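The following exercises are to be worked with the sequence and the coordinates at hand. Each task is followed by a solution in steps.

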Amino acid sequence: MNILVTGGAGFIGSALVRHIINNTSDSVINVDKLTYAGNLESLKDIEHSERYSFECHDICNQEEMLRIFKTYQPDAVMHLAAESHVDRSITGPSDFIQTNIIGTYTLLEVTREYLSTLDEKQKQSFKFHHISTDEVYGDLPHPDELDEHLSAALPLFTEKTSYAPSSPYSASKASSDHLVRAWLRTYGIPVVVTNCSNNYGPYHFPEKLIPLVILNALEGKPLPVYGEGNQIRDWLYVEDHARALYEVVTKGQVGETYNIGGHNEKKNLEVVKSICEILDNLVPKEKKYSEQIIFVADRPGHDKRYAIDASKIYSDLGWKPAETFETGLRKTVEWYLDNQVWCQSVQNGSYQRERLGQIKGKI
Ligand code: NAD
């Protein structure tokens with residue numbers, strides 16, 4: 001297959017591109033605008049492959065997108081390009097509306113025009129895979145709020161859970177999911193949607209919890225935990241996500257949604273403490289790394305709990321995560337220890353791990 005990946009220089013996109021080039025005979029056209037979150041250093045291992053091409057463009061540029069589709073004649077689109085950091089969406093939602101909503105709309109319209117040039121057989125095999133997040137579902141009851149009896153049967157997000165996004169980021173992703181499904185129903189664009197839980201792993205931009213904590217810990221800086229650190233996320237190792245995405249684009253049914261998750265529900269504070277323990281073991285120093293933990297004001301509108309029911313992708317496509325949280329987190333910490341040059345180059349002066357997403361004064 002000839003697969004057009006958008007956002008292939010980002011965290012998950014680069015894991016996906018590396019997975020396709022290293023493990024299949026498919027070709028990839030990576031369309032990425034290279035925002036602060038996009039980095040070609042993350043693709044160094046595969047950039048010389050004859051099956052890899054790069055186009056530096058904004059997905060909102062309809063003319064360029066049409067040219068790219070006509071030039072490369074993709075068999076599938078895997079759409080990951082997005083603004084992805086909730087805290088940044090609180091500080092400035094505009095880019096999120098532009099890329100996540102208008103960008104997705106632009107790609108859908110370009111796909112519609114492109115499909116009209118294909119013969120029936122090519123149309124039948126084409127897929128538009130929209131990569132989304134579990135955050136579109138809002139949040140779930142938290143075990144701390146329920147009595148013991150009820151917390152034994154805590155609900156999970158299924159593919160049928162209603163949308164109730166809380167942040168500008170998740171609302172913009174929810175909007176894009178709606179557009180994608182509407183373009184299937186109205187225009188017959190063959191779409192498939194995946195909603196995944198929190199990813200972690202190598203090449204993660206250091207504004208997100210896990211890489212931020214690893215790097216701050218190593219530099220002796222405070223390890224900021226929002227609120228009391230009780231928020232629960234369901235963590236998935238990024239390479240497991242990349243494998244799942246490839247299974248969906250190759251075997252998933254058009255019109256279906258697949259939730260992807262690792263069944264690794266952890267409180268944020270637990271995650272931070274686990275990183276500290278791994279560092280105590282790998283890079284011991286006089287004091288425990290956990291002594292650097294500080295509690296800071298919570299994120300406005302912070303979702304309490306996310307947890308994915310991934311039984312549909314398990315049973316329908318036979319995908320399962322290979323990493324447990326313990327093995328994946330250790331690999332991640334080791335990767336950051338071994339890749340300080342990448343960490344320096346992606347921060348390049350524009351971002352110094354400062355706190356983002358605080359609102360000054362309530363309305
Ligand atoms: P990321 O922020 O690391 O990467 C996004 C990439 O998109 C970057 O390379 C950036 O340069 C590119 N991009 C941004 N705006 C663009 C534009 N207008 N035109 C072209 N390229 C543009 O994001 P990520 O964490 O890799 O997430 C990828 C996708 O997966 C997103 O759609 C996100 O919503 C979704 N997702 C992420 C997670 C997670 O835990 N990170 C979980 C579930 C779903």
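**Exercise 1. The ligand shell**

In this predicted model, helix H1 (11-23), strand E5 (127-133) and helix H7 (168-187) each supply at least two residues of the shell around the ligand.

Task: State how many residues surround the ligand and which are the closest; then give the composition of the shell by class, the polar contacts of Ile59, Thr99 and Lys173, and the share of the ligand area that the protein buries.

Solution.

Step 1. The ligand is surrounded by 29 residues, and the closest are Ile12, Asp32, Ser84, Tyr169 and Lys173.

Step 2. Sorted by class, the shell holds twelve nonpolar, 13 polar and four charged residues.

Step 3. Two contacts involve nitrogen atoms of the ligand. For Ile59, a backbone N or O atom lies 3.0 Å from a ligand nitrogen. For Thr99, a polar side-chain atom lies 3.0 Å from a nitrogen atom of the ligand. Lys173 instead approaches an oxygen atom: an N or O atom of the Lys173 side chain is 2.6 Å from an oxygen of the ligand.

Step 4. The ligand taken alone exposes 840 Å², of which the protein buries 96%.

**Exercise 2. The internal cavity**

Task: Determine how many cavities of 30 Å³ or more a search of the whole structure finds, and describe the volume and lining of the largest cavity.

Solution.

Step 1. The principle of the search comes before the result. Empty space is revealed by rolling a probe the size of a water molecule over the atoms.

Step 2. Over the whole structure, the search finds one cavity of 30 Å³ or more. The largest cavity encloses about 60 Å³ of space.

Step 3. The lining is formed by Val86, Glu135, Ser166, Ser167, Ser170, Arg233, Arg299, Pro300, Gly301, His302, Asp303 and Tyr306.

Step 4. By class, these lining residues comprise three nonpolar, five polar and four charged residues.

**Exercise 3. Positive phi outside glycine**

Task: Locate Gln73 and His263 in the secondary structure, and report the phi and accessibility of each.

Solution.

Step 1. The usual backbone conformation provides the reference. Most residues other than glycine have a negative phi.

Step 2. Gln73 is not a glycine, yet has a positive phi of about 50 degrees. Gln73 belongs to the loop that runs between helix H2 (62-72) and strand E4 (76-79). Because its relative accessible area is 35%, Gln73 is classed as partly exposed.

Step 3. His263, also a residue other than glycine, has a positive phi near 50 degrees. The loop between strand E11 (257-260) and strand E12 (265-267) contains His263. With a relative accessibility of 44%, His263 therefore counts as partly exposed.

**Exercise 4. Burial and distance along the chain**

Task: For Val249, Gly103, Lys127 and Leu337, decide whether the residue is buried or partly exposed, and give one C-alpha distance for each.

Solution.

Step 1. The cut-off is needed here: a residue is buried under 20% relative accessible area, exposed over 50%, and partly exposed in between.

Step 2. Val249 lies in helix H9 (residues 238-251). Its relative accessibility is 3%, so Val249 is buried. Val249 and Met78 are 171 residues apart along the chain, and their C-alpha atoms are separated by 7.6 Å.

Step 3. Gly103 is part of helix H4 (residues 94-115). At 0% relative accessibility, Gly103 is buried. Its C-alpha atom and that of Gln62, 41 residues apart along the chain, are separated by 8.9 Å.

Step 4. Lys127 is located in strand E5. Because its relative accessibility is 10%, Lys127 counts as buried. From C-alpha to C-alpha, Lys127 and Ile189 are 8.0 Å apart, with a sequence separation of 62 residues.

Step 5. Leu337 falls within helix H12 (residues 325-338). A relative accessibility of 27% places Leu337 among the partly exposed residues. The C-alpha atoms of Leu337 and Ser176 are separated by 36 Å, and the two residues are 161 residues apart along the chain.

Definitions and conventions
Residues are numbered from 1 along each chain as its sequence is written. This is a predicted model: local features need pLDDT of at least 70, side-chain atom pairs count only at pLDDT 80 or more; totals for chains, interfaces and linings use all residues. Side-chain values use heavy atoms; hydrogens and water are left out. On a 1 Å grid over the protein atoms alone, a cavity is a set of points where a 1.4 Å probe fits but cannot get out, and a pocket is an open set with protein on both sides within 12 Å along at least five of seven lines; lining residues have an atom within 4 Å of a point. Grid points are joined across faces, edges and corners, and a volume is the space filled by probe spheres set on the points. Ala, Val, Leu, Ile, Met, Phe, Trp, Tyr, Cys and Pro count as nonpolar, Asp, Glu, Lys and Arg as charged, and the others, Gly among them, as polar. A residue is near a molecule or strand if one of its heavy atoms lies within 4 Å of it. A polar contact is a pair of N or O atoms within 3.5 Å; within protein, one must be able to donate a hydrogen and the other to accept it, and residues adjacent in sequence count only if both atoms are side-chain atoms. Accessible areas come from the Shrake-Rupley method with a 1.4 Å probe; for residues, only the protein chains shown count as cover. Helices (H or I, at least four residues) and strands (E, at least two) are DSSP runs, numbered from the N terminus. Buried means under 20% relative accessible area, exposed over 50%, partly exposed in between (1.4 Å probe, protein chains only).
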